[in-house]
Amino acid sequence: MRFVDEFRDPGLITKAVEEIHRLAQPGRHYRIMEVCGGHTHAIYRFGLKDILPEDIELIHGPGCPVCVLPMGRIDDGLALAQKNGTIFAAFGDMMRVPGTHGSPFEHKARGTDVRIVYSPADALQIARKNPKRHVIFFAIGFETTAPSTALTLMHAKREAIRNFSVFCNHVTIVPAIRAILDSPDMRLDAFIGPGHVSTVIGCRPYEWIARAEGKPVVTSGFEPLDLLQSIVMLLRQLRAGEARVENQYKRVVPWEGNRAALKAMAEVFELRPHFEWRGLGFISQSALRIRKEYADWDSEQRFDVPETRVADPKAAQCGEVLKGVLKPAQCKLFGKECTPEHPIGALMVSSEGSCAAYYNYEYRKTASLVTEISSVA
Amino acid sequence: MCLAIPGKIVSLVPDEPHLGVVEVTGVRRRVDLGLLVEDMPKIGDWVLIHVGFAMSRISEQDATEQMQLLTMLGEGEAAMNEVRGYGLEERGDFRTGEKHRLGTGKTPTVQ
């Protein structure tokens, strides 16, 4: 319980942890997946694993959009950026993600005009200010981010800004959960549902997980107490033999989601028949593409895309880690060939990837402990 | 990248009803309010901002807690860099002189 003092409301934290211990049935092993990369980061950062009973295992899900993006898409985006006078704009998270011929950062060093933006609106702003050059916004993200890209495209169309297009890599979370549940080697008891994705899509899209799969889902906030409360709510359901969708993050997540955001997404995007996920392979109807009404602002409809396909590195066992079959450190490459500085596998790429989070918070802790012990000895 | 930044609406942008100026711990930037059109925030309201767009309205207490959470997660500085980096300032505000008050709002490029 050594981290508890640092939390707000240590009393409440202690109570929640006691309740978790009380609810966990002896001899039963619980496998709970937190879907969202933000939750994974928070769980490691706050050391929550250390205060939970050993029989509660948290499995880190596919909800890190940088991690699940196949390398071929990065290659394609950067290939389009080679055209004379093109500006390639992307979020900072993308800059160190390796493509076959290097990351966006490395392309920048070789002369490609690569810009970090913090918002799709900023990429459009670059286009307004550079009317003679074409700006490609490399869009990534789940439903949290897709509405912002949609509104930006609506602004671009309304203002008839022709030198702007989006290379769309937006993905949707529910089909990825379905793919994980369909996987034969997967055994999960319950889900901690994503927080900010749910502000957009609401809680209804998870109902089939409870109804058809019999697994409880609780959408959760990101604070230690939020996550512990969500685990309490899941354990209560499991103990009672129930499976429902509950909303722990009511202060931010409306049950029905954000209608304006959903409307903007529906106006601009449609589902792709299938899309490749790093570590998970092709998943049907799991990603968004730009509708033909917005074809002039879609990099893929406007330009010839090489459609590069790069197989996931064979030695990296990202798929098994994503599905919770392996722990990050059980992968053959973890901490050796594959580190946050030189990521090979998808999950080491972003700080929200489970391997990077594990490396930064657990592995380094253990490594420094080993150094400490050996220096004492 | 799925964390959100809390900000307080300090003004709305005349002529551009989808834009508002938010303040995040002393830094003011324009954000897009278009995702909240069904429940438009007023001056003084608090919102959660994600990639330059207000995504939901929250209470002042939740806003304070969200900022503390970002700090606890070690992402407070990244959040402030993000807010400082929002580049909508340079549009139109040459007219109103607002640019000066809001800072340069330059979009950073990779160094």
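What share of the 111 residues of chain B count as buried? The share is 42%. This figure describes a predicted model, and the report below sets it beside the other computed features of chains A and B.

**Confidence of the model**

The model scores ipTM 0.90 and pTM 0.91. Within chain B the mean pLDDT is 82, and 78% of the residues score at least 70. Confidence in chain B peaks in strand E4 (residues 46–50), where the mean is 97, and reaches its lowest level in helix H3 (residues 93–96), at a mean of 38. The pLDDT is below 50 over residues 91–111 of chain B. Beyond near neighbours in sequence, that stretch nevertheless has 34 contacts in the model.

**The two chains in outline**

The table sets out the like quantities for each chain.

| Quantity | Chain A | Chain B |
|---|---|---|
| Helices and strands | 15 helices and 13 strands | four helices and five strands |
| Residues, and share that count as buried | 377 residues, 54% | 111 residues, 42% |
| Contacts between residues at least 6 apart in sequence that join residues at least 24 apart | 75% | 39% |

Chain A contains 15 helices and 13 strands. Its radius of gyration is 21 Å, close to the 21 Å that the globule rule gives for 377 residues, so chain A is as compact as a globular protein of that length. The C-alpha trace of chain A spans about 65 × 55 × 40 Å along its principal axes. In chain B, the order of elements from the N terminus on is β-β-β-β-β-α-α-α-α.

**Strand pairing in chain A**

Strand E3 (residues 86–90) of chain A is mostly covered, with four of its five residues buried. E3(A) pairs in the parallel sense with strand E5 (residues 134–141) of chain A over four bridges. It also pairs in the parallel sense with E4(A), over four bridges. Ile87(A) takes part in both pairings: this residue stands opposite Val135(A) in E5(A) and opposite Asp113(A) in E4(A).

**An exposed lysine in chain A**

Is Lys250(A) buried or exposed? Lys250(A) has 12 C-beta neighbours inside 10 Å and therefore counts as exposed, since the exposed class takes in residues with 12 or fewer. This lysine lies in the loop between strand E9 (245–247) and H12 of chain A. Lys250(A) and Tyr358(A) are 108 residues apart along the chain, and their C-alpha atoms are separated by 29 Å.

**The hairpin and helix H2 of chain B**

E4(B) and E5(B) run antiparallel and are joined by five bridges. Together they form a hairpin with two residues between the strands. In the turn, Val51(B) has a positive phi of about 40°. One of the bridge partnerships links Leu48(B) to Ser56(B) in E5(B). Five of the six residues of strand E5 (residues 53–58) of chain B are buried, so this strand is largely enclosed by the rest of the structure.

Which residues of helix H2 (residues 76–85) of chain B are buried? They are Ala79(B), Glu82(B) and Val83(B). These residues cover an arc of only 95° around the axis, which puts them on the same side of H2(B). An α-helix has 3.6 residues a turn, so residues three or four places apart point the same way. The cover over the buried residues of H2(B) includes strand E1 (5–12), strand E2 (19–24), strand E3 (27–32) and helix H1 (60–72) of chain B.

**The interface between the chains**

Contact between the chains involves 42 residues of chain A and 33 residues of chain B. On chain A, the elements that each supply at least two residues of the side touching chain B are helix H2 (37–45), helix H5 (104–109), strand E4 (113–116), helix H6 (120–129), helix H7 (146–158), helix H9 (196–201) and helix H12 (259–268). H6(A) provides the largest share of that side, six residues. By residue class, the side of chain A that touches chain B divides into 20 nonpolar, 12 polar and 10 charged residues.

Two of the elements described earlier recur at this interface. E4(A), which pairs with E3(A), is among the elements that supply at least two residues of the side of chain A that touches chain B. H12(A), which follows the loop holding Lys250(A), is also among them.

Conventions:
Residues are numbered from 1 along each chain as its sequence is written. Chains are lettered from A and ligands numbered from 1 in the order in which they are written. This is a predicted model: local features need pLDDT of at least 70, side-chain atom pairs count only at pLDDT 80 or more; totals for chains, interfaces and linings use all residues. A residue is buried if 20 or more other C-beta atoms lie within 10 Å of its own, exposed if 12 or fewer, and partly exposed in between; C-beta atoms are placed from the backbone. The arc is that of the directions from the helix axis to the C-beta atoms. Two residues are in contact if their C-beta atoms, placed from the backbone, lie within 7 Å. pLDDT is the predictor's confidence in each residue, from 0 to 100. The radius of gyration is taken over C-alpha atoms; the globule rule is 2.2 Å times the number of residues to the power 0.38. Ala, Val, Leu, Ile, Met, Phe, Trp, Tyr, Cys and Pro count as nonpolar, Asp, Glu, Lys and Arg as charged, and the others, Gly among them, as polar. Two strands pair if DSSP finds at least two bridges between them.
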